[in-house]
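Biologist: I'm new to this structure and would like a close look at one part of it. Could you walk me through the second helix and the charged side chains that pair with it?

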Amino acid sequence: MGDRPTATGKSDDRAVFVISVAAELAGVHPQTLRVYERKGLVRPKRTTSNSRRYSERDIERLRQIQDLTGLGVNLAGVRRVMELTEQIELLQERVVRLEAELRAQSRRHRQDLDRERRAHRRDLVPYSSAMVLYERGQGPLRPERST
């Protein structure tokens, strides 16, 4: 996914906060973070000694969980909301890419069309607006001017 800006405007996925600091920053008990991890709501990085390390992005996610549970959403609902939010973000990124591709393709088509028009301009010859009426077996009658 890459780095995303956090609420502070920074983009930082470095897992630097131990569980006690992360819990304090998120305003929850460390045991709550363990529950959130078991439920799949947050995935802290692990050190070689298997201790948890949380990033700024994890802290933001924990705050979102707290906001949702504060509104009465249960943890299964929180998980679903967060999954859907991630899907929306991915789809929005895809829309931006597709719109850029569409604009580029439209420019190319416009350029091709302009090139074709210029190429065929020399094939165009002036014509009058006279209409010639042909009748079977008689050949052309006199031209009539359209108005």
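Modeller: Here is a walk through that helix, with a little of the surroundings before and after.

Keep in mind that this is a predicted model. The protein has four helices and six strands, and along the sequence they come in the order α-α-β-β-α-α-β-β-β-β. So the helix you asked about, α2, belongs to the pair of helices that opens this pattern.

Helix α2 runs over residues 30-38, and its buried residues include Leu33, Tyr36 and Glu37. Where do they sit around the axis of α2? They span an arc of only 100°, so they lie on the same side of the helix. It helps to recall that an α-helix has 3.6 residues a turn, so residues three or four places apart point the same way. Burial isn't the rule here, by the way: 16% of the 147 residues in the protein are buried. Just past the end of α2 comes Gly40, with a positive phi of about 80°.

Now for the charges. Side chains of opposite charge can pair when their charged atoms come close. Glu37, one of the buried residues of α2, takes part in a salt bridge with Arg46, where the closest N and O atoms are 3.0 Å apart. Arg46 itself is partly exposed, since its relative accessible area is 36%. Glu37 also meets the side chain of Arg52 in a salt bridge, at 2.4 Å from N to O. That second pair ties together distant parts of the chain: Glu37 belongs to helix α2 and Arg52 to strand β2 (residues 52-53), 15 residues apart.

For contrast, look at helix α3 (residues 56-70), which holds both Glu60 and Arg63, three residues apart, or about one turn of the helix. Glu60 and Arg63 form a salt bridge too, with 3.0 Å between the closest N and O atoms. Arg63 counts as partly exposed because its relative accessibility is 33%. Back at α2, shared partners join Glu37, Arg46 and Arg52 into one network of salt bridges. The structure holds seven salt bridges.

One last stop lies earlier in the chain. Val18, Val21 and Leu25 make a nonpolar surface patch of about 190 Å². Val18 is in the segment before α1 (19-26), and it counts as partly exposed because its relative accessibility is 31%.

Note on methods:
Residues are numbered from 1 along each chain as its sequence is written. This is a predicted model: local features need pLDDT of at least 70, side-chain atom pairs count only at pLDDT 80 or more; totals for chains, interfaces and linings use all residues. Side-chain values use heavy atoms; hydrogens and water are left out. Patches are made of residues with over 30% relative accessible area and no salt bridge: like charges are joined within 9 Å, nonpolar side chains (Val, Leu, Ile, Met, Phe, Trp, Tyr) within 5 Å. Accessible areas come from the Shrake-Rupley method with a 1.4 Å probe; for residues, only the protein chains shown count as cover. A salt bridge is a side-chain nitrogen of Lys or Arg within 4 Å of a carboxyl oxygen of Asp or Glu. Helices (H or I, at least four residues) and strands (E, at least two) are DSSP runs, numbered from the N terminus. Buried means under 20% relative accessible area, exposed over 50%, partly exposed in between (1.4 Å probe, protein chains only). The arc is that of the directions from the helix axis to the C-beta atoms.
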